[in-house]
Amino acid sequence: MFNKQKNTLSTESQGVSRRGFLKLGASLGVSAFISTQPLNAIAAMVIDKHVGEVAKWHNCWAHCHSSCLLKIITQDGQIKRIETDDQGDDVFGRHQVRACLRGRSLHKRTFSPDRLKYPMKRVGKRGEGKFKRISWDEALTEVHSQMSKIITEHGNQAIFSRVGYGKPHGPYHYVPRFLNQIGGFLSPSGNYSSHQIDTASLYTYGDKSYTIGSAPTEIAHSDLVVYFGNNPANTRMSGGSDTYHYQESKSQSSARTIIIDPQYTDTACGREDLWLAIRPGTDAALVEAVAWVLINEKYVDEAFLKSHCYGYDAEPGDVSKGIPSLDQSLSYKAYILGKGADGIEKTPEYTAAICGIPKEQIYQMARSLGQAKAPFIAQGWGPQRHAAGEQTARAIYMLPILLGQLGLPGTNNGGSDFLFHKTDIMQMPTGANPVKAKVPCFKWLEAVERGHEMTEFTDGITGADKLTSDVKCVFMYQGNWLLNQHSDCNATAKILADESKLEFIFVMDNHMTASAKYADILLPDITWLENSRIVAFSTHLTKTEHVLDPMYECRHPYEVFADLADKFGIRQQFTQGRSWDDWQRHLYEQSRLNHPQFPPFEVLDKHKTIRIPFDPNEERYTLKEFREDPLTNPLKTESGKIQIYSHKLAKFAATWTLPVGDKISPLPEYTPTWESYADKKQLVEHPLQLIGFKSKGRPHSTFHNVPWLREVIEDALMMNPIDAKDRQLKQGQLVHVYNNRGTIRIPVRITPRIMPGVVAMGEGAWYSPNELGVDVGGCINTLTNLRPTALAKANPQGTNLVEVCGI
Ligand SMILES: Nc1nc2c(c(=O)[nH]1)N[C@H]1C(S)=C(S)[C@@H](COP(=O)(O)OP(=O)(O)OC[C@H]3O[C@@H](n4cnc5c(=O)[nH]c(N)nc54)[C@H](O)[C@@H]3O)O[C@H]1N2
Ligand SMILES: Nc1nc2c(c(=O)[nH]1)N[C@H]1C(S)=C(S)[C@@H](COP(=O)(O)OP(=O)(O)OC[C@H]3O[C@@H](n4cnc5c(=O)[nH]c(N)nc54)[C@H](O)[C@@H]3O)O[C@H]1N2
Ligand SMILES: [Mo]
């Protein structure tokens, strides 16, 4: 055991709370937080109760970022089953980090028949899925020769790569390191996850980091939780993750809860006080009606809006600071009260018809918010993954702003609520990317077709005025965004198949995914159980144990990239003479400089996994300093205050070249879009709105090939009984879901848990078109749109109109 005197790691006494400790201790009925138990090393090698079974600690690297502990039970070197954290006394703050079914079925993913076993080279047409086995040396020689040719002919900017999304905080930094060292690559700005809200955060709070606000532990100090499209029961679902933090914190404060979502989520599921079933894409309209009530019933915090915000009302400006004045008619207040350019009063009566929410419930929500002492208002990223997602995210930010309820205990800034601990292990240095241009993440495919035309003003290029070349090579490690996770799979597949445009596609994965089929060179990676790394998460520090040797001809990716670097003559520069194990140790020692509570490497190596207790009662809310003194701690916005009216956005609206129908607005106003409920023309043929959501059954497309999970979490189209009756559908029958972009085949799940007029399905199923072009895999992206959003140029994957018929 570790000596508390010599090293401070994880002493229980560190968990003593600065506020409300007695309340918490009492409610838990324990004195656990002041126990003097020195260290929570979780037993290392355990001989299990079953004869001859050995348990090894590993963890799950699924892309929900929970890094749950896995107890791999082996017998005679074979994996028998996977259990999870069962150590300690399981008290909130040093609770067991129990894995969900995905982690517990990891061996099924590892031993899947879809495994890539050998390096392969495409022999058929691109996308046909025909490959021949080649040696590692042949494969890497080919990669070197293809990439060198593209670099010579088009420059490094013609290589697009986006790395590291298939698993979290992963040791994948060898990929950008390698690419930077061969002269760089075109990288994305933004991502598929949160590009719209990041942009909203930038223009509202002056920094993208305010996408994430307070931690859910603040809910313990709140009396009202309002969740817009936020479903931690699915998205952060493990026993050690935010769904647990949310429930534990809520049980302490008994905060009332309002859930705003087109579907009745598992986060709601009997634990909410009010479920507002909202038409997708209309949250901004709901906010406006709530704002109307708050203004008229005098719940807004006028003093805060004056001292901390810009644009709620007329602004005098400040010439000396370069802050412009604002005419009252352009202000937010004027807009809500019908004194702005559109002259419409945003009453609940007016708005109810847009959102599909009865006006009484809008009044109820507004008054609950107005009367709450510490409302905790948060949004997930479903609402922003829409055609006007930036506007939706900006609008939701308005609720705490109007109420002056941010920067205070128990509140949130309207962003997402994650519990992040600054305990990350340092990553391998990537060096600078010599290619400065960035393309908006969602537009990489468009850059294959017309990169040379793309500029800052037309396409949101950053880091350079324009691109100098089309994208000629896609270098994809650990991703399925080449096809499955991008939009409009049928159209995307056609572009990928054209070898005159995209000259070389590199893929390295574990499985034969939809994207992998489009590779020119396809390399087999080891899976997580064949790999090792040190992970620091909010609750534990783990050095994973060796479980399996690399299977088939799979190799450790670091070694593969070192060999590839060798082909480019830069092995020494790439490796600095270190093996993978050397890097792990080196980076861990570097991390200890920032985290003195981490034990020496030898201690971690001995114990393998160590619990890091945290104090649930520690203050974890954002914007505290700004709230206290906005003049000393200004935001990085135009005015230094919260920017409700943005002059920058007014300028973009005037100067950018936007496609017809796209709109950028200086105010966070509701913006009806194409293929939304407001698109009456499209609605005639395709009357249902289709949204996706994060299924419990997989992180995106990873784990889709695990039959156990497919049995437990059915892949089906959720449809309200009213819509099913109109179409004479029966529970569980196969249906076609279609629009002008494609058709998928999937069973229907008839349920009142989705509102009428909306259908929903879990994203990430594998795109598998049959000979008629019907996607029998049921991938939602067969139906989604390639048209980007107006401001961030991001993925509008929740904005789709479809029709459904029985087959
Ligand atoms: N319609 C719709 N589309 C969406 C979304 C949506 O909500 N709706 N969500 C979007 C979001 S938020 C995201 S983040 C993206 C995610 O899209 P991606 O980042 O492409 O994520 P995955 O689909 O999980 O693909 C990860 C791939 O990495 C592979 N992999 C896992 N571990 C390893 C490893 O150790 N080595 C190697 N070489 N490969 C490995 C897996 O087998 C899998 O093929 O999808 C986006 N697409
Ligand atoms: N199980 C699981 N967990 C995951 C992932 C996964 O693939 N599977 N992916 C991880 C990743 S990479 C990310 S980025 C996060 C993202 O997580 P999110 O983007 O927050 O997750 P989603 O399920 O796409 O959307 C959240 C909710 O928004 C709702 N929604 C959709 N449109 C609207 C709308 O217009 N208005 C409102 N009010 N609600 C709407 C959906 O019904 C859903 O319940 O999740 C992470 N966690
Ligand atoms: Mo994501």
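**Largest cavity**

I began with the residue classes in the lining of the largest cavity: 8 are nonpolar, 6 polar and 3 charged. For these classes I counted Ala, Val, Leu, Ile, Met, Phe, Trp, Tyr, Cys and Pro as nonpolar, Asp, Glu, Lys and Arg as charged, and the others, Gly among them, as polar. This is a predicted model, in which local features need pLDDT of at least 70 and side-chain atom pairs count only at pLDDT 80 or more, while totals for chains, interfaces and linings use all residues. Residues are numbered from 1 along each chain as its sequence is written, chains are lettered from A and ligands numbered from 1 in the order in which they are written, and side-chain values use heavy atoms, with hydrogens and water left out.

I noted 17 lining residues here, with Ala387, Ala388, Lys663, Thr671 and Ala790 nearest the centre of the largest cavity. A cavity is a set of points, on a 1 Å grid over the protein atoms alone, where a 1.4 Å probe fits but cannot get out, and lining residues have an atom within 4 Å of a point. The space in the largest cavity comes to about 120 Å³; a volume is the space filled by probe spheres set on the points, which are joined across faces, edges and corners.

**Second cavity**

I found 3 cavities of 30 Å³ or more in the structure. The second largest has about 100 Å³. Of its 16 lining residues, Pro280, Gly281, Thr673, Ser676 and Thr799 sit nearest the centre. Its lining has 5 nonpolar, 10 polar and 1 charged residues.

**Domains**

Which domains does the chain divide into? I have domain 1 (120-185 + 472-531 + 552-576), domain 2 (196-419) and domain 3 (680-806), with bounds from an automatic or database domain assignment. The centres of domain 1 and domain 2 are 41 Å apart, taken over C-alpha atoms. Domain 2 and domain 3 each give at least three residues to the lining of the largest cavity, and each gives at least three to that of the second largest.

**Ligand 2**

Next I looked up the shell around ligand 2: 31 residues, with Arg102, Thr235, Asp261, Asp283 and His700 coming nearest. A residue counts as near if one of its heavy atoms lies within 4 Å. This shell, too, draws at least three residues from each of domain 2 and domain 3. By class I have 11 nonpolar, 14 polar and 6 charged.

For backbone partners, I noted a nitrogen atom of ligand 2 at 3.0 Å from a polar backbone atom of Ile260. An oxygen atom of ligand 2 is 2.9 Å from a polar backbone atom of Trp381.

Conventions:
On a 1 Å grid over the protein atoms alone, a cavity is a set of points where a 1.4 Å probe fits but cannot get out, and a pocket is an open set with protein on both sides within 12 Å along at least five of seven lines; lining residues have an atom within 4 Å of a point. A polar contact is a pair of N or O atoms within 3.5 Å; within protein, one must be able to donate a hydrogen and the other to accept it, and residues adjacent in sequence count only if both atoms are side-chain atoms.
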